[in-house]
Amino acid sequence: MSTLLEEPHTQSTNVASDRLRSSMAAARLSFTWLGVRKSLTAQQKNQAADSFGAEGKFLSAGKKLLDTRHAAFKAVTAIRGQTVAYWKGASLPFPEPGIRLIRQAAISDFDQQIAAFREELDEAVFELDRHYDELRSAAQNRLGDLFNPDDYPPSLIGMFAIEHDYPSVEPPNYLQQLNPELYVQECQRVQSRFDEAVQLAEQAFLSELTQMVEHLTERLSGRQDGKPKVFRDTAVTNLTEFFDRFRSLNIRSNEQLDELVENAQRVITDVDPQQLRNSQALRDQVASQMSVVQSGLDQLLVDRPRRKIQRRPR
């Protein structure tokens, strides 16, 4: 049973959080990553400070061990960015650092995709290691007396890795026998986490959709130097991808948001970016309809209540 505190939609929130808890799994992503910056020693900082007439203990200084602009290094970094983007795109936020929620039915696909990223990373690191002597020699030339060979591992193989797991966010069952009162408290704490996760999901979807609708509307309306404003295909395709992700992850916790998403999707269904460029009438029509959606999103952002949800043990 739930007690409502200044929250007209608490009932739907409770239902949504229960649905979230029963259908989602916690997924954690972490990285092992070579650090490329190192603080100067006290002696080095004192030497640097002398040139400014300062004291070394009041100076913060470091050195860059490798040139991260090298193509091979950028390739490694790009895989990390792609992995994080995939993880976030396939999941919902959770109010514990490093943890997000994915559909239990999607765990197999998630596992396979992370494994694919891991293979790509291993290949990219192998390629980076082929250039390691070159990068280290360049660093020696650039750092001069600050270069220290002890700062560098013998090889870069094994210095980068992607790890993922599925931590339990539920109270341990043994606690029910050991300390029933503490077990009830932990159940309430976990439930409040999922209640908060519902709000975080709503806020994330609402903010993302608002930004994309604003951007598309701004690009389609108005003129620049007497000509229609230029826009990229992604102004439309990003919205299409958002609709797919929303449909996959939506927990049906906010009817207003659901309706606005449907309205926005209806506006650009079967609309091709090139069509928008070729037809001023179509630009005006889509811009006008998206402006209505934008007004609804803006109002929802203003009206979103701060939810206070208190549950009694069942």
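This note goes through the charged side chains of a predicted model, taking the salt bridges and then a patch of surface charge.

1. On the overall count, the model holds 16 salt bridges by the rule applied here, and the points below take up some of the pairs among them, together with the accessibility of the residues that form them.

2. A pair within one helix is a convenient place to begin: Arg189 forms a salt bridge with Glu186, and the closest N and O atoms of the two side chains are 3.1 Å apart. Both residues belong to helix H7, which covers residues 180-220, and they are separated by three residues, or about one turn of that helix. Arg189 has a relative accessibility of 32% and therefore counts as partly exposed, while Glu186, at 22%, also counts as partly exposed.

3. The reader may wish to look beyond this pair, since Glu186 and Arg189 are also members of a network of salt bridges, in which they are linked with Glu96 and Arg193.

4. A bridge between two helices deserves a separate point: Arg245 and Glu208 form a salt bridge in which the closest N and O atoms lie 2.3 Å apart. This pair links distant parts of the chain, with Arg245 in helix H8 (residues 234-249) and Glu208 in helix H7, 37 residues apart. Arg245 is partly exposed, its relative accessible area being 21%, and Glu208 is likewise counted as partly exposed, at 27% relative accessibility.

5. Which residue does Glu218 meet in a salt bridge? The partner is Arg219, with a distance of 2.8 Å from N to O. The two side chains fall into separate classes of exposure: Glu218 is partly exposed, with a relative accessible area of 31%, whereas Arg219 has a relative accessibility of 19% and so counts as buried, because the class of buried residues takes in those under 20%. A reader should keep that cut-off in mind when reading the label given to Arg219, whose value is 19%.

6. Turning from bridges to surface charge, Glu119, Glu120, Asp122 and Glu123 gather in a patch of negative charge on the surface of the model. Residues that form a salt bridge are left out of such patches by definition, so these four acidic residues stand apart from the pairs described above. One of the four, Glu123, is found in helix H4, which covers residues 107-130, and Glu123 is exposed, with a relative accessible area of 58%, because a residue counts as exposed when that value is over 50%.

Definitions and conventions
Residues are numbered from 1 along each chain as its sequence is written. This is a predicted model: local features need pLDDT of at least 70, side-chain atom pairs count only at pLDDT 80 or more; totals for chains, interfaces and linings use all residues. Side-chain values use heavy atoms; hydrogens and water are left out. Patches are made of residues with over 30% relative accessible area and no salt bridge: like charges are joined within 9 Å, nonpolar side chains (Val, Leu, Ile, Met, Phe, Trp, Tyr) within 5 Å. Accessible areas come from the Shrake-Rupley method with a 1.4 Å probe; for residues, only the protein chains shown count as cover. Lys and Arg count as positive and Asp and Glu as negative; His and the chain ends are not counted. The place of a charge is taken as NZ of Lys, CZ of Arg, CG of Asp or CD of Glu. Helices (H or I, at least four residues) and strands (E, at least two) are DSSP runs, numbered from the N terminus. Buried means under 20% relative accessible area, exposed over 50%, partly exposed in between (1.4 Å probe, protein chains only).
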